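Work through the exercises below with the sequence and the structure side by side, and try each task before reading its solution.

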Amino acid sequence: MSNVVSILQGFTNLALDKAKLLNVNLSEEGERKMKVCIGCKIFNPENYRCGKKKSELNGRKRVYNKDGCGCYLPAKVLSGESCPNGKW
């Protein structure tokens, strides 16, 4: 799946999940993956992204550590993509 299609699918599924319209199995799988993310050492609880914030450049651009992808995890766990560290 291309990166753009994956991102769109993840956000579409996130919206469907919030509206309680997403397939139950996919929703439960997303919840399981999110629990793994929250327990991960590089999880950023400030913005629910993969990778702890290291610094800011010009007050706008955030730089994430090399182990994280920087994705917004509530959407990524529902996108069909895999964890960059192989945890799911």
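Two residues are in contact when they have heavy atoms within 4.5 Å of each other. The model used here is a predicted one.

**Exercise 1. Determine whether the length of helix H2 agrees with its number of residues, and which residues of H2 are buried.**

Solution. Begin with the span: the expected value is 1.5 Å times one less than the number of residues, so the 15 residues of H2 should cover 21 Å, and the C-alpha atoms at its ends are indeed 21 Å apart. Next, apply the cut-off for burial, which is under 20% relative accessible area; the buried residues of H2 are then Ser-27, Gly-30, Lys-33, Met-34 and Cys-37. Viewed down the helix axis, these buried residues fall within an arc of 125°, and they therefore line one face of H2. On the face turned away from that buried side, H2 carries the exposed residues Val-24, Asn-25 and Lys-35. Finally, ask what covers the buried residues: the cover includes helix H1 (3-18), strand S1 (43-44) and helix H3 (73-76).

**Exercise 2. Place Arg-32 in the fold and classify its accessibility.**

Solution. Arg-32 belongs to helix H2. Since buried means under 20% and exposed means over 50%, the relative accessibility of Arg-32, 39%, makes it partly exposed. As for its surroundings, the C-alpha atom of Arg-32 is separated by 8.8 Å from that of Val-77, although the two residues are 45 residues apart along the chain.

**Exercise 3. Describe the largest cavity: how much space does it hold, and what lines it?**

Solution. The count of cavities of 30 Å³ or more comes to 1, and the largest cavity holds about 90 Å³ of space. Its lining is made up of 13 residues, of which Cys-37, Cys-40, Cys-50, Leu-73 and Cys-83 are the closest to its centre. Sorted by class, the lining has 10 nonpolar, 1 polar and 2 charged residues. At the level of elements, helix H2 (24-38) and strand S2 (49-50) each supply at least two residues of this lining.

**Exercise 4. Set out the two largest pockets, giving for each its volume, its lining and the element that gives the most to that lining.**

Solution. Take the largest pocket first, with about 250 Å³ of space. Among its lining residues are Leu-14, Asp-17, Ser-27, Gly-30, Met-34 and Val-77, and by class the lining has 6 nonpolar, 2 polar and 4 charged residues. H1 and H2 each supply at least two of the lining residues, and the largest share, 4 residues, comes from H2.

Turn then to the second largest pocket, with about 200 Å³ of space, whose lining includes Asn-3, Phe-11, Arg-49, Cys-71 and Glu-81. The elements that give two or more residues to this lining are H1 and H3, and H1 gives the most, with 5 residues. By class, the lining has 5 nonpolar, 4 polar and 3 charged residues.

**Exercise 5. Compare the settings of Lys-20 and Tyr-48: in which loop does each lie, and is each buried, partly exposed or exposed?**

Solution. Lys-20 is found in the loop between H1 and H2, where its phi is near 60°, a positive value in a residue other than glycine. With a relative accessible area of 73%, Lys-20 is exposed. Tyr-48 lies in the loop between S1 and S2, and its phi, near 55°, is likewise positive in a residue other than glycine. At 37% relative accessibility, Tyr-48 counts as partly exposed.

Notes. Residues numbered from 1 in each chain as written. Predicted model: local features only at pLDDT ≥ 70, side-chain atom pairs only at ≥ 80, totals over all residues. Heavy atoms only, no water. 1 Å grid on protein atoms, 1.4 Å probe; cavity = no way out; pocket = protein on both sides within 12 Å on 5 of 7 lines; lining within 4 Å. Points joined across faces, edges and corners; volume = space filled by probe spheres on them. Nonpolar A, V, L, I, M, F, W, Y, C, P; charged D, E, K, R; others polar. Buried < 20%, exposed > 50% of the residue type's maximum accessible area, 1.4 Å probe, protein only. Arc of directions from axis to C-beta.
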